[in-house]
Amino acid sequence: MQKEECQKILEENPFMKSLQIELMEVSKGFVKAKIPFRKELTNIYGDFHGGALYAAADTLCGIAASTYGYYVTTVDGNIQYLKAGRNTEYILCESRVLKPGKNISVVEARIADDQGMLLNTAMFTFYNLRKRDSE
């Protein structure tokens with residue numbers, strides 16, 4: 001999948017569109033994206049909301065998994081909130097496929113602030129639904 005095709009997927013998804021995710025890099029098994037810090041994405045403490053971070057990680061890991069030519073759906077996911085996302089202009093999320101599979105793929109994500117401080121780690125498992133027609 002090309003970066004432009006992946007960005008189009010994000011823009012056609014109403015919820016993801018609200019996160020304003022900008023894909024920076026897409027290659028087989030890897031996605032890097034930037035998400036701007038905005039008040040609409042904060043919790044009552046003014047930090048990035050954990051739900052927004054989880055949703056971004058889930059979606060970006062799914063895109064990384066789909067670079068192997070499958071439509072995918074999340075089977076399982078977890079996130080570790082290591083440090084609050086505050087005092088940052090944006091966050092960076094890198095998603096990397098650890099195990100591409102015929103039926104199941106495993107993908108990890110690392111989320112950092114604009115200074116490179118690690119904020120979150122996450123792990124997702126995806127079921128590969130079927131091959132995409134374009135592959």
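## A buried serine and its surroundings

Ser95 counts as buried, because its relative accessibility is 0%, and buried here requires a value under 20%. The structure in which this residue is seen is a predicted model. Ser95 has its place in strand E4. Leaving aside neighbours within four places in sequence, Ser95 is in contact with Gly29, Phe30 and Val31, with Ala57, Leu60, Cys61 and Ala64, and with Val107, Glu108 and Ala109.

### The chain as a whole

To place this residue in its setting, it helps to look at the chain in outline. The chain holds 3 helices and 6 strands, and, read along the sequence, these elements follow the pattern α-α-β-β-α-β-β-β-β. Taken along the principal axes, the box filled by the C-alpha atoms is roughly 45 × 25 × 20 Å. The radius of gyration is 14 Å, which agrees with the value near 14 Å that a compact globule of 135 residues would have.

Of the 135 residues, 43% count as buried. The area that the chain exposes is about 7400 Å², and carbon and sulfur atoms supply 50% of that area. Among contacts between residues at least 6 apart in sequence, 60% join residues at least 24 apart. As for charge, the chain has 17 positive and 17 negative charges, and the mean positions of these two sets are 3 Å apart.

### The nonpolar core

In soluble globular proteins, nonpolar side chains tend to be buried together. In this chain, the largest nonpolar core has 34 residues, and the members that touch the most other members are Leu19, Ile21, Leu23 and Leu60. Two or more residues of this core come from each of several elements, namely the helices H1 (3–12), H2 (14–19) and H3 (50–66) and the strands E1 (22–27), E2 (30–36), E4 (90–99), E5 (104–113) and E6 (118–131). Which of these elements gives the most to the core? It is H3, with 10 residues.

Ile21, one of the members that touch the most others, shows how such contacts reach across the sequence. Not counting residues up to four places away, Ile21 touches Gln7, Leu10 and Met16, then Ala33, Lys34 and Ile35, and also Ala56 and Leu60.

### Two buried isoleucines

Is Ile91 buried or exposed? At 1% relative accessibility, Ile91 counts as buried, and its place, like that of Ser95, is in strand E4. Not counting residues up to four places away in sequence, Ile91 touches Ala33, Lys34, Ile35, Phe48, Leu53, Ile111, Ala112, Asp113 and Leu119. Ile91 and Tyr68 stand 23 residues apart in sequence, and their C-alpha atoms are 26 Å apart in space.

Ile63, by contrast in location, is found in helix H3, and with 5% relative accessibility Ile63 counts as buried. Beyond the residues up to four places away in sequence, Ile63 touches Cys6, Leu10 and Val31. Along the chain Ile63 and Leu23 are 40 residues apart, while their C-alpha atoms are separated by 10 Å.

### Residues with more access to the surface

Leu98 also has its place in strand E4, but Leu98 is partly exposed, with a relative accessible area of 45%. Its contacts, not counting residues up to four places away in sequence, are with Val106, Val107, Glu108 and Met123. One of these partners, Glu108, is 10 residues from Leu98 in sequence, and the C-alpha atoms of the two are 6.8 Å apart.

Two loop residues deserve a look for their backbone angles. Gln20 lies in the loop between H2 and E1, and its phi is near 55°, which is a positive value in a residue other than glycine. Asn87, in the loop between strand E3 (70–81) and E4, has a positive phi of about 55° as well, although Asn87 is not a glycine. Gln20 is partly exposed, with a relative accessible area of 42%, whereas Asn87 counts as exposed at 75%.

The table gathers the accessibility values for the residues discussed above.

| Residue | Relative accessible area | Class |
|---|---|---|
| Ser95 | 0% | buried |
| Ile91 | 1% | buried |
| Ile63 | 5% | buried |
| Gln20 | 42% | partly exposed |
| Leu98 | 45% | partly exposed |
| Asn87 | 75% | exposed |

Notes: Residues are numbered from 1 along each chain as its sequence is written. This is a predicted model: local features need pLDDT of at least 70, side-chain atom pairs count only at pLDDT 80 or more; totals for chains, interfaces and linings use all residues. Side-chain values use heavy atoms; hydrogens and water are left out. Helices (H or I, at least four residues) and strands (E, at least two) are DSSP runs, numbered from the N terminus. The radius of gyration is taken over C-alpha atoms; the globule rule is 2.2 Å times the number of residues to the power 0.38. Buried means under 20% relative accessible area, exposed over 50%, partly exposed in between (1.4 Å probe, protein chains only). Contact means heavy atoms within 4.5 Å. Accessible areas come from the Shrake-Rupley method with a 1.4 Å probe; for residues, only the protein chains shown count as cover. Lys and Arg count as positive and Asp and Glu as negative; His and the chain ends are not counted. The place of a charge is taken as NZ of Lys, CZ of Arg, CG of Asp or CD of Glu. A nonpolar core is a set of buried Ala, Val, Leu, Ile, Met, Phe, Trp, Tyr and Cys residues joined through side-chain atoms within 4.5 Å.
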